Amino acid sequence: MLPRCYKDKKVVKLDEIAVVIIIYNPDEADINNVKRIAEVYKGAVVDNSTTKTFQSSLIGKMNYIHNGENLGIAESQNKGIRAVMKDMAVNFIVFFDQDSR
């Protein structure tokens, strides 16, 4: 069963939520965690690592954006927001970093 979210005692559907995950030189456990989150939620993974962590432009239900350098949390979150708002119709955006569980 997929997780359910509530707002003002009303159920928020998962397709109304996008997740933006910021990563920087993640270890194997962090990569696996990102993959698990991407299986359930749509959104964007923004990579601040100098080398690509993933080779595909899509991870599960999430777009993969490689910055090629560490742009910092705020700029990376903004890139994730722009990607989500451009590609998806959502009402909520949730931010995670690579070790969010």
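**A charged surface patch and overall fold**

On the surface of this predicted model, D27, E28, D97 and D99 gather in a patch of negative charge, where Asp and Glu count as negative and a patch joins like charges within 9 Å among residues with over 30% relative accessible area and no salt bridge. Of these residues, D99 is found in the segment after strand 7 (92-97), and D99 is partly exposed, with a relative accessible area of 47%, given that buried means under 20%, exposed over 50% and partly exposed in between (1.4 Å probe, protein chains only). Residues are numbered from 1 along each chain as its sequence is written, and side-chain values use heavy atoms, with hydrogens and water left out. In this predicted model local features need pLDDT of at least 70 and side-chain atom pairs count only at pLDDT 80 or more, whereas totals for chains, interfaces and linings use all residues.

The structure holds 1 salt bridge, defined as a side-chain nitrogen of Lys or Arg within 4 Å of a carboxyl oxygen of Asp or Glu. This salt bridge links R82 with E75, the closest N and O atoms being 3.2 Å apart; R82 is partly exposed at 47% relative accessible area, and E75 is also partly exposed, at 33%.

The protein has 2 helices and 7 strands, taken as DSSP runs of at least four residues (H or I) and at least two (E), respectively, and along the sequence these follow the pattern β-β-β-α-β-β-β-α-β. Buried residues make up 38% of the 101 residues, and the C-alpha atoms fill a box of roughly 45 × 25 × 20 Å along the principal axes.

Conventions
Patch = residues over 30% accessible without salt bridge, like charges linked within 9 Å, V, L, I, M, F, W, Y side chains within 5 Å. Areas by Shrake-Rupley, 256 points an atom, 1.4 Å probe, with all protein chains shown as cover. Charge placed at Lys NZ, Arg CZ, Asp CG, Glu CD.
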